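Here are a few exercises to work through with the model open beside you. Try each task before reading its solution.

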Amino acid sequence: MLNGFNHLTLAVSNLADSIVFYQQVLGFRLSARWERGAYLSLGELWLCLSVDQVEAGDLQRTYTHYAFSICQGDFAAFAQRLREHDVRLWKQDSSEGDSLYFLDPDGHQLEAHVGDLQSRLAACRVKPYAGMVFYD
C-alpha cells in the first residue's frame, strides 16, 4: 500500500537554468547532478529535474500545481526574492492563507503557501465551499 509522497520529477529544457532557479531562488539543496538531470531536496521533498523537450503548450494552464510550505514570517521576503528574479506569477491568491502562484523557467505552475490542511479545513468550516462535506 502507498504510505506517502516519494518524489517529484519535472521535465526541464535547460538543466543549468532550472538548478539555479530551484537552488538559488527557492532554496532547494542540490544533492547530485549529471548530464541530463539533477536531484535536489527541500525538507523531506525529493525533486528530480530531468532534461526533456518542454513546450509551453504541453503545460496546459489548469489548476494543477505544486505547492511548497512557507512560514508567515518568511512570506514577504520570499515575495521580494521572486520580484528580484523577475519570476512570473500565474494566478492571484483567493483562498485561506497567503499564497504566491509562480512559474519556474519552463512554466511549471508552483505555489508558496502559508498554512496546512488543518488551517484550510478550519477556514472551510467557517465558510464552506458549495456542497462541501466534512469527514473528520
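**Exercise 1.** Find in which sense β1 and β4 pair, and over how many bridges.

*Solution.* Start with the extents: β1 covers residues 8–12 and β4 covers residues 45–51, where strands are DSSP runs of E of at least two residues and helices are runs of H or I of at least four, numbered from the N terminus. Next, count the bridges: the two strands pair in the parallel sense over five bridges, and pairing requires DSSP to find at least two. Within this ladder, L10 has L49 in β4 as its bridge partner. This is a predicted model, in which local features need pLDDT of at least 70, side-chain atom pairs count only at pLDDT 80 or more, and totals for chains, interfaces and linings use all residues. Residues are numbered from 1 along each chain as its sequence is written, and side-chain values use heavy atoms, with hydrogens and water left out.

**Exercise 2.** Which side chains of β1 are buried, and which are not?

*Solution.* Recall the general pattern: in a regular strand, side chains alternate between the two faces of the sheet. Here L8, L10 and V12 point to one face and are buried, while T9 and A11 point to the other and are not. Buried means under 20% relative accessible area, exposed over 50%, and partly exposed in between (1.4 Å probe, protein chains only).

**Exercise 3.** Which residues touch the most other members of the largest nonpolar core?

*Solution.* A nonpolar core joins buried Ala, Val, Leu, Ile, Met, Phe, Trp, Tyr and Cys residues through side-chain atoms within 4.5 Å. The largest has 28 residues, and Y22, L26, L49 and F102 touch the most other members. By element, α1 (15–25) gives the most to this core, with five residues.

**Exercise 4.** Search for aromatic pairs and classify the one formed by F28 and F68.

*Solution.* Rings of Phe, Tyr and Trp (its six-membered ring) pair if their centres lie within 6.5 Å; planes under 30 degrees apart count as stacked, over 60 as edge-to-face and the rest as tilted. The whole structure yields ten such pairs. For F28 and F68 the centres are 5.6 Å apart and the planes at 85 degrees, so this pair is edge-to-face. F28 sits in the loop between α1 and β2 (29–34) and F68 in strand β5, 40 residues apart. Both F28 and F68 are buried. Finally, ring pairs link F21, Y22, F28, F68, F78 and F102 into a cluster.
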